[in-house]
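Biologist: I should like to go through this model and learn why its parts are described as they are. May we begin once it is displayed?

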Amino acid sequence: MTVFCLHAGAAGLAQNTITLAAKNTELSKLFSMIQQQTDYRFLYHEDAAVMSLKKNIDVKAASIENVMGRILQGTGLSYNIVNKNLVVIKTAQAARASDLSNARQQRIIRGVVTNDKGEPLSGAAVIQKGTTLGVLTNEAGEFSINVPVGAELEISFAGHVTLTVQATEDSMKIVLQARENMDDVVIVAYGTQKKQEVVGAMTTINPGDLKVPSSNLTTALAGRLAGVIAYQRSGEPGEDNAEFFIRGVTSFGTGKKDPLILIDGIELTVRDLARMSPDDIESFSIMKDATSTALYGARGANGVILVTTKQGRRGKATINLRAENSWSSPTTNVELADPVTYMKMYNYAQVSRNPLADPFFTQEKIDATAEGLHPLIYPAVDWRKMLFKKNTINQRANMSVSGGGDVARYYVTASYAKDNGILNVDKRNNFNSNIKLNTYTLRSNVNINLTKTTELIVRLNGAFDDYRGPIDGGAQVYSDVMRSSPVLFPAYFPKDSARWYVQHIMFGYPASGAIQPGGSSINPYANMVRGYKDYSRSFMSAQLEVKQRLDFITEGLRFRTLFNTNRSSFFDVVRGYTPFRYYISEFDRYSGDYTLQVQNPTGGTEYLTYSEPTKTIASSFYWETAFDYGRVFHQKHSISGLLVGVIRQSLVGNSGSLQLSLPSRNIGLSGRATYAYDSRYAAEFNFGYNGSERFYKDKRMGFFPSAGVAWTVSNEKFWERLSKTVNLFKLRATYGLVGNDQIGRTEDRFFYLSEVNMNDGDRGMTFGYDGGNSLSGVSVNRFPNFDITWETAYKSNFGAELSLFNNKIKILADYYTENRKNILLSRPEIPQTLGVSTTIYANSGKGSGRGLDVSVDYAHQFNENLGLVMRGNYTYATTKVTYYPQVDYGDNWWRYREGYPFSQNWAYIAERLFIDESDVRNSPPQDFGTPVIGGDIKYRDINNDGIINEYDKVATGFPETPEIIYGFGFSLIYKGFDFSSFFQGLANESFWMRPAYLQPFYQNHQVLKVFADDYYNPDNPNPYALYPRLSIAESKNNNQYSTWWLRSGAFLRWKQAEIGYTFPERWTKKAKMSKLRIYGNGTNLMLLSDFKLWDVEMGGRDAGLGYPLQRVFNVGLQANF
Amino acid sequence: MRKIIIAVLISFTGLFWLSCSKYLDIVPDNIATIDYAFRLRETAKKYLYTCYSSLVEFGSMSHSPGLMTGDELWLPNYPFNDGPTDYAWEIARGIQSSSSPNLNYWSEWNGKDAWRSIRDCNIFLDNIQKVPDMEEQEKIQWAAEVKFLKAYYHFFLITMYGPIPVVKNNLEVSADPESMKVSRMPLDSAFNYIEQLIDEAAVDLPDRVADDNAELGRITRPIALAMKAKIMVYAASPLFNGNKDYSGFKNDEGQELFNPV
């Protein structure tokens, strides 16, 4: 019998020749002497009697073969060398002896062990189960073992799932699955790490949790990932990306604040992430602290999102299919006042500011409208009903095929989504101007084994959007509806006998003299249906990666290089006609007869005209080369290292100016060194050394180091008593620097170059007798500044991981602090007398952030049929300005931003509405450019200087970026049924209702019903009425940002619920399917919030009047073959 | 095979780091900078016109402070004939606001930024000697015109804002915040400086422009001297000269801004 006993000697000696002189020494002693001077190791049976045989030897610089031949001569032992340095001593006699004692028939089983990519695994242990009999595989992964017929073999290899097979065939192929999916290895910057050795703060999510009935992945992020602040402001297809930030917004400059997004190692945009299908994602993780992001150096300060796509697995082709159909409708609709109230309020708004004004709407018109008489002469148009459908239908499908053999593996996926807008279509046009967004993606990942140690990976990816929609876009249609008078004109006139020949739609418009003062003559219906815009966006990426194992140099060393280039393009085409504008020139109020006139008989067109607004083309190139090294010594010392060099370049084809047209480039060298001892202590050092072309020579390169330690307390001896209840307890701490080079506005790319317009028409002059000599002038748009450089974040993180009760409960908590310096801000101290009209910037701002990310998971399988998973996470991220250059506010200390969150707003404190004229006269004057009278908002004079001005603004409310995001949910599986539900909320957010966007009649705004119900007027002289005194002109006094319009953005919503049924295998097998599941789900089902006017998540953007968020009901089918 | 792989790796990494030193130098040499304005006579002329371009449009209804800001002239409706906003008239109508004042010549709103013009004048005066293809005489004449304009912009600011800081030379944009804190100059010194500039300019200005068709409107000696006379009258007026109301009105260096006598 051969029994393992691995004597690992002091390895690392490069010398492999042996000089040995010994007399009468035991074999085992000789072996250990050889071990001491070479890196050969010996494997033999310790008990074997022959090992105590004594031998003489005297060799100088002899080869191992030479020495072994001498030592083993006459012992009956033989040897062979495995894995270059492992000498296996065979006791042939012992094997024979056991043969004789064992009556069962033995036979030799040969086989090869590979991983799931078909690479041979050398050194995998093949053991007869229940015995200690075993062999190791050789370099080609081959083994041969002599076992009884029918014995079970147990095959194990580090990092792979141990497999037990019956020794049936003479030549076996054994595939070990890598344990990556089993929580053992996690994706980190430029590589992977054992989970136990991870020091940095990161959150990973099961990609399945990102499945939402939307073709936009970013809408799934909120509340699912601890450490991510995310919210969605618009529901328009194609424009519905959620905004998301890792650990909040930690810069208050004008530059990039959102995280770096890397998909398969390539930096891409939010849009590219949004287009990804969760089905294709292998892993999704976010890097939060300095150690996990420092390798990205000057690009990682805002956190990093790492996404990898699936790769093919060895085996026969498997096909996954998913198809969904969903119905979506707005979560809320802002209610508007009815037309009669609209007119009454308008008349009052006129008179209330100017008692001599003639009310625009006659009593006769108001009465007739109220009666509903002659709707074309006295129109009362519900524009929203006219323009929007109640709901719309969207479809999505995704198919992937994967499989492969020893040499190559593939994963190919295609997906398609069709999102429809909710606009109505006029049947009389032969084109459809409703929003229709088709997105297609195609992805192919192929892995090829070139040699046993070389792997080639090719990734091709294309994403294509085809859009058709109204000329001005869906958001503009909403905007038009909110800015059109409901009573001036109908959407269109029917064809009448006088105009029987007309082929076009006779859109209604107000007569030129009949526009209400302050109004406009937009017909939103005409604007929507007068034409359509097509746009097409494509993104293509090709990526080649070569991985080479360099075990022949030293074990555990690997090299890889990766090239990627991608192209993105966008173009749009607008086709539309100019509507003929019809109006009623005369009518008979009794009979309802009317005569139509055309305002623009020559301007209107029946035929389509055409324009090409924008075209964008961009390309980028990326090259990454890396060496990495990982090895375990003496089973306890785990060492790894990584050195990676990257260069990237991107070019935009139509950037609009010479300076912007120059390529953007980055170059960097990054490295990581880790050391872990006995799965208990881990330490890590990372650095990034980056350069960016944006800064002046001596500011271009920056060094960003970081370091961290982790202690797995639960692996200590003293923890043993606790280890049954607390399975894992790990503490982590990190500190380091990360930078952000994408600062400032895009126009200000090169701060160290001046930008001069040598042909500025605005700065020209004309001379000469008859003004005959003109020349344009010269203007400086930017003065050179050699000192500008990147923002630097100093981040520290303290984390704890806890697993309780057989890993049923897992808790992950991280506390972090961050200090950010060099935030690019304008220099307010620059006096006007300097004479530079451009803004001068400096790296002057300083801020700090701190927060907490916690996630709690609970998973329990009650019995075979019933399983429950519960999940919750909480993110708190707050910020504080520590230095913000501001003008001197003197004694008005509350105006300084230091000490307040970055997105804090300053606003006036609204006390109440003025009661009357004398109230106004007895109050401090409010000088905003419009006269103030009773019913206008009265502001508090904070500094008691007798005048309301800028100094009276105070920090009000919570910041505009929410500080708290949380989510919780559960999923329950009972037999074939599964049910899950997810709730999400946010808190500590304030927003303004944007009074200038909502002011009735100003810029032709419609009247919100809530304002119509409660506004200041003679019948309702309430100093706390919801809306102050009306005005048809801009009411600058009332439209100031003040507490009058401040609202809490906090909400909790029932974000998603899903119910599914997986058909039993015995049925699906008949159809050659491995899985068949049908499901139905819904998103944005219910909303709890104090704010009722519109979906509070939309906040103050477009004053909530934009394209609303959608409630979606969805059914789907998932089949695997 | 192994040797090949190692050779490839070494050359790869070698190439990588060889290429990097120049990799970030992407800006070509001929990016337009302010120096380009003074490389040819024609571009220098553009700069001269730029210095002129901020002169107040006293003839414009919407921009002239003298025409519409009082109530001598009134218009029937606002904005007048749906035309451009009548900024000047808004002042007469009482809609001037302190946060965004109309006809703002201090910083550009719907006025013109006089400080920027002064900076342009200084840049011109610093660089005009560099232009290679100009006659010396012409350089002197253009410089004299710009000197006059610099004096005039200072004078115009004084009429609007009283004592102002005088910008004899441009400060660098990257100067530290302390040196950017300039002080208002006592009125007498400011008027003296303006007068001195005009005197310097008047010597080099022509009596009459050479070509009416191309140059009428450019500064000549009679214009300069006439303005000087007007400026002296302002300087001598009781508003600026011995204004008792402003006695004790000092700048941050402790200098009396209005002379007491």
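Modeller: The model is a predicted one. Strand S28 of chain A and strand S29 (residues 506-508) of chain A run antiparallel and are joined by 2 bridges.

Biologist: What makes S28(A) and S29(A) count as paired?

Modeller: Two strands pair if at least two bridges are found between them. S28(A) and S29(A) have 2 bridges, so the cut-off of at least two is met. Within this pair, Phe493(A) stands opposite Met506(A) in S29(A).

Biologist: To which sheet do these strands belong?

Modeller: They belong to an open sheet of 4 strands in chain A, in the order S28-S29-S32-S33, with mixed pairing.

Biologist: Why are S28 (492-493) and S33 (594-598) of chain A called edge strands?

Modeller: Each of the two pairs on one side only.

Biologist: Let us turn to aromatic rings. How many aromatic pairs does a search of the whole structure find?

Modeller: The search finds 75 over all chains.

Biologist: Why is the pair of Phe563(A) and Trp623(A) called stacked?

Modeller: The ring centres lie 5.4 Å apart, with the planes at 10 degrees. Rings pair if their centres lie within 6.5 Å, and planes under 30 degrees apart count as stacked; the pair is therefore stacked. Phe563(A) is in strand S31 (residues 557-576) and Trp623(A) in strand S35 (residues 615-633), both of chain A, so that the pair links distant parts of the chain, 60 residues apart.

Biologist: Is Trp623(A) buried or exposed, and how do you know?

Modeller: Its relative accessibility is 11%. Buried means under 20%, so Trp623(A) counts as buried. Phe563(A), at 28%, counts as partly exposed, because that term covers values between 20% and 50%.

Biologist: What makes Phe983(A) and Trp1054(A) a stacked pair?

Modeller: Their rings are 5.9 Å apart from centre to centre, with 10 degrees between the planes. The cut-offs are again within 6.5 Å and under 30 degrees, so the pair is stacked. Phe983(A) has a relative accessible area of 24% and is partly exposed; Trp1054(A), with 27%, is partly exposed.

Biologist: How do you know that the charged end of Arg581(A) sits over the ring of Tyr509(A)?

Modeller: The charged end lies 4.1 Å from the ring centre. The distance cut-off is within 6 Å, and the charge must also be within 35 degrees of the ring normal. Arg581(A) is described as sitting over the ring of Tyr509(A), so both conditions are met.

Key
Residues are numbered from 1 along each chain as its sequence is written. Chains are lettered from A and ligands numbered from 1 in the order in which they are written. This is a predicted model: local features need pLDDT of at least 70, side-chain atom pairs count only at pLDDT 80 or more; totals for chains, interfaces and linings use all residues. Side-chain values use heavy atoms; hydrogens and water are left out. Rings of Phe, Tyr and Trp (its six-membered ring) pair if their centres lie within 6.5 Å; planes under 30 degrees apart count as stacked, over 60 as edge-to-face and the rest as tilted. Buried means under 20% relative accessible area, exposed over 50%, partly exposed in between (1.4 Å probe, protein chains only).
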